[in-house]
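Trainee: I've got a chain open on my screen and I'd like to go through it with you. Can we take it one question at a time?

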Amino acid sequence: MGQLEVEPHTGTRVVHAVCSHDCPDSCGVLVTVDTLSGRATKVQGDPAHPVTRGFLCGKVAKYLDRVYSPDRLLYPMRRKAGVPKGPLAKGREAEAFERISWDAALDEIALKLTKIAAEFGPESVLPYSYAGTIGQLGYGSMDRRFFYRLGASQLDRTICASAGGAALTSVYGVKLGVAPQDFAHARLIIAWGANIHGNNIHLWPFIEEARRAGARLVVIDPYRTRTAALADEHLAIRPGTDGLLALGMMHVILREGLEDRAYIDETTKGFAELREHALRVEHAPEAVAAVTGIAAETIVRLARSYATAKPSAIRLNYGIQRSENGGTAARAVCMLPLLTGAWKQRGGGLQLSTSGSFPFNSKALQMPELMLASPLGREARMVNMSQLGQALTELGNDAKDGSLVKALFVYNSNPAAVAPNQNAVLRGMAREDLFTVVHEQFFTDTADYADVLLPAPTFLETKDVQGAYGHLFVQVSERAIEPLGEARSNVALFGELGRRMGFRESCFHDTEDDLIDQALDTNDPWFAGIDRELLEREGHVPLRISEDADGAVLPFSTAAWFRTPSGRGELTPVPVFVAPEESRGRATMYPLEFLPRKADNYMNSTFANLAGHRKMESRTAGVLEMHPEDAVSRGLVTGDEVEVFNARGSIVLEAMIGAQVPAGVVAARLDWNKLSAAGMNVNALTSETLTDIGGGATFYSTLVEVRKASLLQEG
Ligand SMILES: Nc1nc2c(c(=O)[nH]1)N[C@H]1C(S)=C(S)[C@@H](COP(=O)(O)OP(=O)(O)OC[C@H]3O[C@@H](n4cnc5c(=O)[nH]c(N)nc54)[C@H](O)[C@@H]3O)O[C@H]1N2
Ligand SMILES: Nc1nc2c(c(=O)[nH]1)N[C@H]1C(S)=C(S)[C@@H](COP(=O)(O)OP(=O)(O)OC[C@H]3O[C@@H](n4cnc5c(=O)[nH]c(N)nc54)[C@H](O)[C@@H]3O)O[C@H]1N2
Ligand code: SF4
Ligand SMILES: [Mo]
C-alpha cells in the first residue's frame with residue numbers, strides 16, 4: 001500500500017490513513033489527494049482491510065467537510081484583554097481572541113507554566129486529554145513526557161472505559177476478546193449494552209453473516225437502538241441492573257447443570273464460591289425479573305439458549321459500565337463464557353475490548369520516569385478526569401489535597417461538553433485566576449474558556465501508528481495532506497514546548513518516525529517482525545496472535561491465555577448486585593432514570609458543529625425521548641418544550657413521545673452546549689460519582705424530573 005501510489009493519468013495519489021476517532025473499528029482509510037494542489041479530494045474505506053471492508057461510517061464518509069470546514073481553527077490566538085471567559089456564540093468566537101504567532105503563543109505558555117509551577121508547585125498544572133485521537137502518538141507520547149518532566153498533576157483517564165477495563169482485567173488479566181470476523185461463526189450473539197449500529201458499525205456485517213447462517217441476535221439495552229430494532233429479540237432492561245441479570249442467567253445455567261465442568265476445572269478459580277452465590281434465592285428468575293424488568297420465563301429461555309448455542313458470543317460494550325455498580329456488572333457478564341466454555345469454539349466468547357492485544361511500548365513512548373527528573377522529584381498526584389468539576393472548584397481548598405489547580409492544559413478533549421456535572425466544570429473553567437490552554441481543531445465549548453488557543457490537525461494531516469479496541473490489526477496512518485493553516489500535531493506542540501521550557505532531554509527532539517519505532521520496539525511475540533517499514537508498506541498488519549494456519553484466534557480456550565495473578569479465570573470475589581444509589585430502586589427524589597446518550601451521527605461531542613452531521617442527527621438532536629405513560633401523567637405531548645432537571649442542573653429539550661424508551665426512562669443526546677437550548681447539554685444533569693471499581697464516570701446513573709418548560713415561566 002504505502003505512502004504514494006501516484007496515478008500519472010489523473011494527477012492523484014492515494015494515501016493510507018487510519019481513522020483516529022475514539023471508535024472500536026479503527027478503519028483503514030484511503031485518502032485521494034490531488035498531487036498539484038495537495039488537497040484531499042476523497043476518503044473511502046480500505047477494501048483490503050478485513051474489518052473495514054471498503055466502507056466508512058456516515059460520520060467519516062463526510063470527513064472532508066470537517067477537514068476543510070471554514071470553521072477550522074487555523075492559527076494560535078490569545079484572549080483579548082478584558083473579555084471574560086465563557087460561552088461564545090457559534091461563528092462569532094474569533095471576536096473574543098486576537099491572532100498571535102506560534103512563537104508568541106509558546107513563549108506565553110512557557111512563561112506562565114514556569115511561573116505557576118514556581119509559585120504554586122508544578123502539580124498546580126493539570127493536563128486534560130482524552131481520545132480526540134487514539135493514534136499512539138497523538139493519544140499519549142510527547143504530551144506525557146512533557147507533563148511528567150514538568151511535574152504536573154497526572155490525569156487518571158477514567159471518563160470512558162476504566163470500570164469495564166478493570167472488570168475485564170480482574171477476570172481475565174488482560175483486555176482480549178473475540179475477533180470481530182469470528183462473530184460470523186456464532187450461533188447466538190448477545191449485544192449487551194452495545195449500540196452496534198451507532199458505535200461499532202463494522203461488526204454488523206459479521207453479525208449479519210452469522211444470522212444468514214441461522215444465528216439469533218439478542219440485544220440487552222434499555223433504549224431501542226437501531227440494533228435492537230433489527231434484532232431477533234430486544235430486552236429493554238432497567239438501567240443499572242445488568243449485574244443481576246447476569247447472576248440470574250448463572251443461576252439457571254448452574255441449576256440446570258448446563259455449565260462446562262471440564263473447562264471450568266481447567267481454566268478458572270473460585271467456581272464453588274460463585275456457584276453457591278449464584279444459586280441463592282435472590283438470583284432466581286422471579287426475583288431477578290422483579291428488579292430488571294425482564295420476565296422470568298425470558299431469563300430462563302435466555303440462559304438456556306446462551307448455554308446451549310455453540311458457539312455463543314457476547315458483544316459487551318461500555319454501556320453497562322457507565323453506572324455506579326457498572327464494574328461489578330461487567331465482571332458478572334465477563335464470567336458467563338467461563339461457565340459455559342464458550343471460548344473453546346471459534347466465534348464463541350466475549351468481546352469488550354481488544355486493546356490489550358497490542359503490545360505497544362507505552363513506557364518508551366511516555367517515559368514516566370521523567371517525573372523523577374522534574375522539580376517535584378517524585379510521582380505527581382493523580383486527578384480523576386471524571387471529577388474535573390471538583391478538581392477546578394474544590395481540590396486544594398483543603399491543604400492536605402495539595403495545591404489548587406492554577407493551569408489547565410486541554411487537548412484531545414472537550415470537557416466543557418463531555419465531563420459530568422457541567423455546572424461545576426464550567427464554574428471552574430470560568431475562574432479568572434486559572435490559566436487555560438486549549439489545543440483544538442474547532443472553537444468548541446471548551447475553547448470558549450481558553451486564554452491561549454492553539455490549532456490542531458486532523459488525522460489526514462499527521463502520521464501515527466494505531467491499534468484498535470475492536471479488532472486485531474495494527475496500522476500506520478500516513479500524513480495525506482499538509483497541516484491546514486498553522487496547525488501543529490500534539491507531538492510537534494509538546495516537543496517544541498518542552499524545548500522552550502528548557503527541558504534538555506533528547507527525547508523532546510524525537511520525530512514522529514522515532515516515536516513510531518519506539519512504540520513498536522518490544523520483544524512481545526504478537527509484534528514479532530512488525531516494524532515501521534512493514535506497516536508503511538502494508539498499511540495494516542494482523543497481530544501475530546494466531547498459531548492457527550487459517551488465522552483463527554481462540555483466546556481463553558485454554559488456561560495458557562489468562563494473565564491474572566493465579567493464571568486462571570477469576571470468579572471471585574463473587575459479583576454482588578447492588579442497585580445504583582441514583583436509580584429508581586433506591587432513591588425517590590427524582591422519579592425518572594435518564595440516559596444521556598451518545599449521538600449516532602457524532603463522536604461524543606465531535607462533529608456536532610458540522611451542518612451535514614447535524615442534519616443526519618436532526619430527528620433526535622435537542623430532543624427528550626419519553627414513554628407515553630410518563631408523558632401522559634405529566635400532561636406532555638410531542639413537541640412540547642420541557643425542562644429536564646435535578647439538583648445539579650436543568651436543561652431545556654423538546655419532548656418526543658414514543659416507544660424508544662421503557663416507562664420510567666427518558667433519553668437525550670450529547671451535543672455542544674452552545675448549540676443546545678439554554679446553553680447546556682445533558683451533562684448539566686450527570687454527577688461526579690465514580691464507579692465501584694476503576695474510578696469511572698457514571699453518566700447512566702442519573703435521576704431527573706421533567707416538566708413543561710412554560711410552567712417554569714408562569715411561576
Ligand atoms: N456514532 C458514535 N460512535 C461512537 C461514539 C459516539 O459518540 N457516536 N462514541 C465512541 C466511544 S467514546 C465509545 S466509548 C464507544 C462506546 O460504545 P458503547 O459501549 O456502545 O457505548 P454507549 O453508547 O455509551 O452504550 C451502549 C448502549 O448501552 C445502553 N445502556 C445504557 N445504560 C445501560 C444499562 O444499564 N444496561 C444496558 N444493558 N445497557 C445500557 C445505551 O442505551 C446504549 O445504547 O463508542 C464509540 N463510537
Ligand atoms: N453524557 C455523556 N457524556 C459522555 C459520554 C456519554 O456517552 N454521555 N461519553 C463519555 C465517553 S465514553 C468519552 S470517551 C468522552 C469523550 O470525550 P472527549 O475525548 O472529550 O471526546 P470528544 O467530544 O470527541 O472531543 C475530542 C476533541 O478532541 C479534538 N481533537 C481531535 N484530534 C485532535 C488532535 O490531534 N489534537 C488535539 N489537540 N485535539 C484533537 C476534537 O476536535 C474534539 O473537540 O465523553 C464522555 N462523556
Ligand atoms: S468513526 Fe469508527 S466506523 Fe467511522 S470511520 Fe472512524 S473508525 Fe470507522
Ligand atoms: Mo468512550
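Trainee: Let's begin with Asn604. Does Asn604 count as buried, exposed or partly exposed?
Mentor: Keep in mind that this is a predicted model. Asn604 sits in the loop between β23 and α24 (611–616), and its relative accessibility is 21%. Buried means under 20% and exposed means over 50%, so at 21% Asn604 counts as partly exposed.

Trainee: And the backbone there: what is the phi of Asn604?
Mentor: Asn604 is not a glycine, yet its phi is positive. The value for Asn604 is about 50 degrees.

Trainee: Ser26 caught my eye too. Is Ser26 buried or exposed?
Mentor: Ser26 lies in the loop between β2 (12–18) and β3 (28–34). Its phi is positive as well, near 30 degrees, in a residue other than glycine. The relative accessible area of Ser26 is 2%, and the cut-off for buried is under 20%, so Ser26 is buried.

Trainee: How far can I trust the model, and where in the chain is confidence lowest?
Mentor: The chain has a mean pLDDT of 96, with 97% of its residues at 70 or more. Confidence is highest in β16, at 99. At the other end, with a mean of 60, is strand β1 (residues 6–7).

Trainee: Since you bring up β16, which strands stand at the edges of its sheet?
Mentor: The sheet is open and has six strands with mixed pairing, in the order β6-β5-β18-β17-β16-β7. Two of them have a single partner strand each, so one side of each is left without a neighbour in the sheet. Those edge strands are β6 (97–99) and β7 (125–129).

Trainee: Staying in that sheet, which residue in β17 is the bridge partner of Phe409?
Mentor: Strand β16 covers residues 407–411 and strand β17 covers residues 435–440. The two run parallel and are joined by five bridges. For Phe409, the bridge partner in β17 is Val437.

Trainee: Which residues touch the most other members of the largest nonpolar core?
Mentor: That core holds 236 residues. Take Leu460: leaving out residues up to four places away in sequence, it touches several residues, including Val31, Tyr63, Leu64 and Ile481. The residues with the most contacts to other core members are Trp192 and Leu460.

Trainee: Now Phe206. Is Phe206 buried or exposed?
Mentor: Phe206 belongs to helix α8 (residues 204–212). Not counting residues up to four places away in sequence, it touches Pro50, Val51, Arg53, Pro180, Gln181, Phe183 and Ala184. With a relative accessible area of 3% against a cut-off of under 20%, Phe206 is buried.

Trainee: What about cis peptide bonds: which residue is joined to Pro573 by one?
Mentor: Pro573 is in the loop between β22 (569–570) and β23 (592–597). Another cis bond runs from Lys310 to Pro311, and Pro311 is in the loop between α14 (296–308) and β13 (312–316). For Pro573, omega is about -5 degrees and the residue joined to it is Thr572.

Trainee: Last one: how far apart are the end C-alpha atoms of residues 12–71?
Mentor: UniProt, in an unreviewed entry, lists those residues as "domain: 4Fe-4S Mo/W bis-MGD-type". Over that stretch the chain is 15% helix and 33% strand. The end C-alpha atoms are apart by 26 Å.

Notes. Residues numbered from 1 in each chain as written. Chains lettered and ligands numbered in written order. Predicted model: local features only at pLDDT ≥ 70, side-chain atom pairs only at ≥ 80, totals over all residues. Heavy atoms only, no water. Core = buried A, V, L, I, M, F, W, Y, C linked by side-chain atoms within 4.5 Å. Buried < 20%, exposed > 50% of the residue type's maximum accessible area, 1.4 Å probe, protein only. Contact = heavy atoms within 4.5 Å. Pairing = 2+ DSSP bridges. Helix = DSSP H or I, 4+ residues; strand = E, 2+ residues; numbered from the N terminus. UniProt positions renumbered as here; feature names shortened; annotations may be inferred. pLDDT = per-residue confidence, 0-100.
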